[in-house]
Amino acid sequence: VLKQAGDNLTRENVMKQAASLKEWLLSLSIGETEALDLSHVEEFDSAGLQLLLAAQAHWHHQRSTLALVNPSPAVLRLVHAYGVVDILSPSQEDPA
């Protein structure tokens, strides 16, 4: 979930922002393959992970691929912690 300067990151605000991001992701035109660059993600939590998993499931259902590329250290920490590294695009699992 994205954090902007001055945001009050209460649970309610995080949930509203996650819902808005989900709506945006699911409204994108679905091509054969779309890439989502995660390199600028500074903060990433379970709500963000849930959002990415839902988006990937949606793309898969549409017989398309949502490639998650250039994961930031914050994204890598959480996908490793949850054991879902395989959601990342091949060769993007650990840029170090």
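# A tour from Phe44 outward

Start by selecting Phe44, which is found in the loop between strand 1 and helix 2. The model on screen is predicted. Is Phe44 buried or exposed? Its relative accessible area is 15%, and a residue under 20% counts as buried, so Phe44 is buried.

Now show what surrounds Phe44. Not counting residues up to four places away in sequence, Phe44 touches Leu49, Leu52, Ala74, Val75 and Leu78. Add Ser72 to the selection: Ser72 is 28 residues from Phe44 along the chain, and the C-alpha atoms of the two are separated by 9.3 Å.

**The whole chain**

Zoom out and colour by secondary structure. The protein has three helices and two strands, and from the N terminus on the order of the elements is α-β-α-β-α. There are 96 residues in the protein, of which 36% count as buried. About 6400 Å² is exposed, with carbon and sulfur atoms supplying 51% of that area. Taking contacts between residues at least 6 apart in sequence, 64% of them join residues at least 24 apart.

Next, colour by pLDDT. The average for the protein is 75, and 71% of the residues score at least 70. Which helix has the lowest confidence, and which the highest? Helix 1 is lowest with a mean of 69, while helix 3 is highest at 92. Select residues 1–7 as well: the pLDDT there is below 50, and the stretch has 14 contacts in the model beyond near neighbours in sequence.

**The two strands**

Select residues 33–37, which form strand 1, together with strand 2. The two strands run parallel and are joined by five bridges. To find one of the pairs, pick Asp37, whose bridge partner in strand 2 is Val69. Then follow the chain from strand 1 through helix 2 to strand 2; this path is a right-handed β-α-β crossover.

Keep strand 2 selected and show the surface of the rest. Four of its five residues are buried, so strand 2 is largely enclosed by the rest of the structure.

**Leu38**

Return to the loop between strand 1 and helix 2 and select Leu38. Its relative accessible area is 5%, which means that Leu38 is buried. Leaving aside neighbours within four places in sequence, Leu38 is in contact with Leu52, Leu68, Val69, Asn70, Pro71, Ser72, Val75 and Leu88. Measure from Leu38 to Leu88 in the viewer: the two are 50 residues apart in sequence, and 10.0 Å lies between their C-alpha atoms.

**The nonpolar core**

In soluble globular proteins, nonpolar side chains tend to be buried together. The largest nonpolar core here holds 21 residues, and Leu68, Val79 and Leu88 are the members that touch the most others. Helix 1 (11–27), helix 2, strand 2 (65–69) and helix 3 (73–82) each give at least two residues to this core.

Select helix 3 on its own. Which of its residues are buried? They are Ala74, Val75, Leu76, Leu78 and Val79. Helix 2 is included in what covers these buried residues of helix 3.

Move to helix 2, residues 46–61, and pick Gln56 within it. The relative accessibility of Gln56 is 18%, so Gln56 counts as buried. Apart from neighbours within four places in sequence, Gln56 is in contact with Leu66, Leu68 and Ile87.

**Three positive phi angles**

The last stops concern the backbone. Select Arg63 in the loop between helix 2 and strand 2. Its phi is near 60°, which is a positive value in a residue other than glycine. With a relative accessible area of 79%, Arg63 is exposed.

Then select Asn70, in the loop between strand 2 and helix 3. Asn70 is likewise a residue other than glycine with a positive phi, near 55°. How accessible is Asn70? Its relative accessible area is 36%, so Asn70 is partly exposed.

Finish at Gly83, just after helix 3, where phi is positive at about 70°.

Definitions and conventions:
Residues are numbered from 1 along each chain as its sequence is written. This is a predicted model: local features need pLDDT of at least 70, side-chain atom pairs count only at pLDDT 80 or more; totals for chains, interfaces and linings use all residues. Side-chain values use heavy atoms; hydrogens and water are left out. Buried means under 20% relative accessible area, exposed over 50%, partly exposed in between (1.4 Å probe, protein chains only). Contact means heavy atoms within 4.5 Å. A nonpolar core is a set of buried Ala, Val, Leu, Ile, Met, Phe, Trp, Tyr and Cys residues joined through side-chain atoms within 4.5 Å. pLDDT is the predictor's confidence in each residue, from 0 to 100. Two strands pair if DSSP finds at least two bridges between them. A crossover is right-handed if, with the strands pointing away from the viewer, the path from the first strand over the helix to the second runs clockwise. Accessible areas come from the Shrake-Rupley method with a 1.4 Å probe; for residues, only the protein chains shown count as cover.
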